Amino acid sequence: MNAVPSLSVIVILPQSANEVSDLLWSMRRERDLAFEVVLVLDQDRRPDIANVVHTAATEDSRVRAIGVDSERGRNFALAAGLDASKARWVTVADSNGLAAAGGYAALMGSVQSTESQMGVGVAESIARARTRVTRVAENALDTAAQGISLQDRPALITDDLLCTKVVDLKLLRSLVEEEEPWHEELLVARLYASAKSIDVLPRSIVFCNVRISESTTVPMSKDWVADQLKIWEALSNTSREVREAFARQIIERHVLCGKALQLLASQADRHDAANFIRDLVADLSSTALANVPVRPRWQLALIALGYSSLVDTPLEQPRRMRPSDVPDFDMSRLQAPAWSSLGLRENETPRAAFIDRFVSHPAIAPRTQHDTSTIDISIVIPTFNVEAYIDELLESIRASVGVSLEVIVVDDGSTDGTWERVVAHTAEDSRVRLIRSPGAGGGQARDAGIELARGEYLAFADGDDLIPPRAYYRMLSIARRSNADIVNGSYLKFFAISTWDASTGFNHAYALPLENVSIQTHPQLARHRAVWNRLIRREHWLGTAFPFPGVPRSNDIVAMMSVLLSATTVAVTPVQTYIYRDRPGSGSMTSAAGSVDYTVSYFLEESTCASLVQQSGFRSVEREYWSMVFTQDSWKNILKYLDRRTGDRAEDSRVSEQIKALLSQAPHAEFSQIKPEHQAVWALAAEGKFSEARTMAHAEKSAHSMPPESLIHAIRSAEESALLPPAAANTLVLKYLGRRFISDAAWRNEVFASALPIIRRRLLDPVMPLVFVPHSWEERLGHAILAGDLAVVLAAFSPEKTSINARLHQGAPAKLVGPAPGLSPEGGVRIMARRHRSNDRARIPVGHATRVDGRWSAELSVAAFPSTGVWAIELEYEDAYGMRRSHLRIDGNEERFGLSVFRRVVTAHAGKNHSLIRVREPLPIRARQKAYKLLRITPRK
């Protein structure tokens with residue numbers, strides 16, 4: 001071992017002997033790194049932990065302990081650990097975590113080569129299911145970087161874990177105030193703000209059993225607000241981009257979470273909370289809150305106004321209030337640019353807007369007389385074989401009140417009685433006009449109608465839907481009041497047996513009335529691109545809209561996206577302005593979804609939309625748009641095609657080409673947000689491997705019933721794809737191959753041989769290798785795969801030895817001694833104990849063993865056991881592939897002259913169970929207890 005370590009691993013005031021033992025065992029496996037482990041503990045208060053550290057230090061000189069008074073706090077303990085460290089770089093490990101194999105060595109290799117002041121890795125949680133800790137915004141830890149600053153990647157400030165950092169000792173020591181209360185997030189923020197150069201390594205460094213590093217105080221409590229204000233102060237000299245990244249994360253993750261809002265609603269109005277929110281929002285741009293739905297924006301505004309007790313009012317089922325109950329709002333508190341996204345009407349006060357949206361229903365404006373010589377709205381309706389529905393649509397439009405309108409029906413070659421039905425309406429109402437489409441398809445029919453339109457505003461409708469009688473009047477009133485280029489209305493979608501209200505979907509894009517906004521401030525509007533629930537200024541359409549393409553599906557999404565992106569002012573009404581009929585039958589758009597032509601058409605149009613979004617440069621729209629693409633529209637189209645495809649290679653090639661074109665435009669950060677299974681489906685579909693994509697699409701729910709061969713083949717295809725991020729490949733390989741082999745004995749045969757190369761590639765990946773949890777079956781599988789073929793893997797999972805012989809040697813302290821055949825020469829050995837005949841099955845470490853001359857020996861101190869009683873003893877050790885656990889068959893030395901009566905640790909037996917020892921009270925206490933029992937005296941408590 002090196003005399004001078006390059007890394008000091010500091011563990012401050014651990015709380016569990018078992019966790020310390022696990023951490024030490026995982027750290028001592030790092031054979032490619034010169035390191036030391038410095039444990040800072042209060043030995044007087046935690047003798048059990050001190051005993052574990054002592055036995056580990058006896059065997060390994062890299063482990064040492066220093067004592068402190070825990071009453072001085074964790075900052076004082078950290079300072080003591082830093083002062084005692086011998087290395088240039090340090091890391092502060094969570095005592096309840098485990099070191100990932102090779103993680104610290106990789107991070108150290110990076111900072112040593114670049115001389116950066118800090119290296120940052122990734123943590124994985126194994127508290128319930130194994131998952132990457134992904135609280136960091138913008139996937140800032142997913143891409144490797146060297147020698148960068150916080151300004152180069154502002155989203156790093158949202159990383160609040162200390163255990164994933166390797167830091168220059170002098171830098172960390174300069175930031176630790178010994179007498180300050182412990183605040184890990186503040187210390188990490190100071191590190192990011194102070195480090196001149198940072199390396200990022202997107203691989204797992206540690207595994208966390210529980211999350212203790214995040215603040216345990218309830219978000220928006222007074223203590224929590226005080227803590228966050230300290231962090232905000234620490235960021236005062238950083239760039240606006242850094243502060244905005246921090247503020248957005250705090251608002252979206254903590255302030256607007258259910259617990260925080262519930263706490264605020266249950267308390268009196270909080271001025272500290274109001275000041276805190278105003279400080280955060282003051283640094284935000286006008287679009288910083290754009291990806292927050294509008295209801296939560298109002299909740300945030302109420303907190304900033306000083307009325308935090310009202311935050312439960314902007315809910316879908318709010319508390320009952322009267323307008324007179326609403327207090328006066330101080331407008332000066334909402335002057336920051338970000339508050340413009342509330343969508344107030346011109347000259348409307350926040351108080352009036354609050355009452356209108358959440359307290360009382362807005363009154364219906366009275367009908368007014370319009371100049372019939374001018375046309376307010378031109379409604380363009382393309383039709384094709386809708387004889388059964390066109391009467392209902394036209395009658396609903398003709399019943400519209402309060403507006404001057406014209407109806408332009410453009411028939412696209414109907415072969416039923418559609419034409420005749422519309423002719424009848426033209427005879428009854430001069431506002432209805434009917435023409436033949438000069439082209440083919442609904443898109444060209446709409447373009448023809450637009451050319452004939454004379455109205456100030458355009459509206460569109462499909463021939464099988466319905467229009468509420470006051471819909472156009474409501475939207476026109478809003479358009480004229482706000483001078484909006486586009487007015488968006490909510491709508492109702494009805495099926496044969498159910499209905500769906502759009503105000504609850506699309507990330508609540510249509511949930512509340514909005515005026516004087518744009519798609520930048522309300523990007524949720526990009527989630528719905530149909531033209532038929534809108535009122536659009538005709539001049540704006542003619543100047544900005546793309547022509548409707550002659551494609552069979554989604555022929556309105558490009559035109560609508562272009563119009564939305566270029567609109568100066570946009571308005572929204574939550575009133576239902578359109579009724580969409582999802583009708584059965586071969587002639588409907590819904591029934592044709594999933595066919596080759598329709599799928600190609602959709603992805604072709606979606607790629608154009610993606611280009612428009614990218615060209616706009618609107619980051620808020622980009623986030624919302626790709627979230628919609630990956631989880632809703634495009635995802636549903638892929639699934640429909642997978643279910644309806646025929647297997648024709650030419651058809652598959654056409655579809656995959658368009659999927660790949662769309663995927664090539666997607667930002668890595670947005671693609672990495674979706675589930676690994678979904679990433680695999682996208683990657684496989686883009687490469688034309690639709691059979692494998694279909695397997696992965698159903699893997700989440702049906703993997704247990706799939707033939708192993710097809711699942712392995714699908715995973716192999718996904719893992720080999722250059723389009724699948726390494727993190728997703730690791731997750732899929734571990735979840736569907738590694739864990740399946742461990743949990744399902746039916747996989748332990750020749751079938752699994754084809755999975756070995758896949759797992760081996762992930763284990764040896766140079767950028768983001770698959771890392772297994774220490775002391776687990778996963779780790780054992782990984783070592784066996786690297787060591788040999790299927791026979792080696794099967795041998796590594798052969799049944800464990802039923803028991804290992806050991807002998808208990810009496811003394812002070814007692815010792816367990818046994819042979820060491822099959823134990824790894826460099827692996828650890830420890831003694832584990834669990835209560836005999838108890839429902840508590842937890843194992844605790846009671847000794848670390850040393851090895852001499854082919855035997856192991858471990859001291860058994862009474863202090864290592866939580867209590868007296870009978871304990872079952874097991875041996876945990878490492879063989880060539882990883883951890884094993886076996887029962888011990890313990891024999892005790894016979895002592896002459898009855899000296900065993902003085903011993904506190906002795907053997908115990910229960911039938912054929914020879915793995916037991918008894919931990920006893922000292923002899924005087926035992927003698928007194930026996931005397932009390934004989935005399936039937938109840939001992940005093």
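Helices (H or I, at least four residues) and strands (E, at least two) are taken here as DSSP runs, numbered from the N terminus, and by that convention Q228 is placed in helix α7, which covers residues 222–234. The model shown in these views is a predicted one.

**Figure 1. Overview of the chain, with its 33 helices and 29 strands.** Taken along the principal axes, the C-alpha atoms fill a box of roughly 120 × 65 × 65 Å, and 57% of the 941 residues count as buried. Of the contacts between residues at least 6 apart in sequence, 76% join residues that are at least 24 apart. The chain exposes about 39,400 Å², of which carbon and sulfur atoms supply 50%. There are 111 positive and 111 negative side chains, and the centres of these two sets lie 9 Å apart.

**Figure 2. Surroundings of Q228 in helix α7.** Q228 counts as buried because its relative accessibility is 4%, which falls under the 20% limit for that class. Once its neighbours within four places in sequence are left aside, the residues in contact with Q228 are F246, I250 and F276. For F276, the separation from Q228 is 48 residues in sequence, while the two C-alpha atoms are 8.5 Å apart in space.

**Figure 3. Helix α9 (residues 258–265) and the helices it packs against.** The buried residues of α9 are A260, L261, L263 and L264. Viewed down the helix axis, these buried residues fall within an arc of 160 degrees, and they therefore line one face of α9. On the other side of the helix, G258, K259 and Q262 are exposed. The packing partners of the buried residues are α8 (240–255), α10 (271–282) and α11 (294–305).

**Figure 4. Helix α15 (residues 442–452) and its packing partners.** Within α15, the residues G443, A445, R446, A448, G449 and I450 are buried. The buried residues of this helix pack against four strands, namely β11 (377–383), β12 (405–411), β13 (432–436) and β14 (457–460), and also against helix α17 (538–544).

**Figure 5. The buried serine S562 in helix α18.** S562 belongs to the helix that covers residues 557–566, and it is buried because its relative accessible area is 5%. Not counting residues up to four places away in sequence, S562 touches T544, A545, F546 and L612.

**Figure 6. Strand β27 (residues 883–892) between a parallel pairing with β20 and an antiparallel pairing with β26.** Strand β20, residues 803–809, pairs with β27 in the parallel sense over six bridges, and in this pairing R807 stands opposite D891. Strand β26, residues 869–878, runs antiparallel to β27 and is joined to it by five bridges, with L875 having S886 as its bridge partner. β26 and β27 form a hairpin with four residues between them, and in its turn G882 has a positive phi of about 145 degrees.

**Figure 7. The hairpin of β28 and β29.** Strand β28 (residues 905–910) and strand β29 (residues 913–919) pair in the antiparallel sense over five bridges, and the bridge partner of V906 in β29 is R918. Two residues lie between the strands of this hairpin, in which G911 takes a positive phi near 65 degrees.

**Figure 8. The loop residue P774 and its contacts.** P774 lies in the loop between α30 (756–763) and α31 (777–787), and it counts as buried because its relative accessible area is 6%. Apart from residues up to four places away in sequence, P774 touches S26, R29, L98, A99, F207 and E779. By contrast with these contacts, the C-alpha atoms of P774 and S340, which are 434 residues apart along the chain, are separated by 51 Å.

**Figure 9. Positive phi values at N483 and R837.** N483, a residue other than glycine, has a positive phi near 55 degrees and is found in the loop between α16 (471–482) and β15 (486–494). N483 counts as exposed because its relative accessibility is 52%, a value to be set against the requirement of over 50% for that class. R837 is likewise a residue other than glycine with a positive phi near 55 degrees, and its place is in the loop between β22 (829–835) and β23 (844–848). R837 is exposed, with a relative accessible area of 74%.

Key: Residues are numbered from 1 along each chain as its sequence is written. This is a predicted model: local features need pLDDT of at least 70, side-chain atom pairs count only at pLDDT 80 or more; totals for chains, interfaces and linings use all residues. Side-chain values use heavy atoms; hydrogens and water are left out. Buried means under 20% relative accessible area, exposed over 50%, partly exposed in between (1.4 Å probe, protein chains only). Contact means heavy atoms within 4.5 Å. Accessible areas come from the Shrake-Rupley method with a 1.4 Å probe; for residues, only the protein chains shown count as cover. Lys and Arg count as positive and Asp and Glu as negative; His and the chain ends are not counted. The place of a charge is taken as NZ of Lys, CZ of Arg, CG of Asp or CD of Glu. The arc is that of the directions from the helix axis to the C-beta atoms. Two strands pair if DSSP finds at least two bridges between them.
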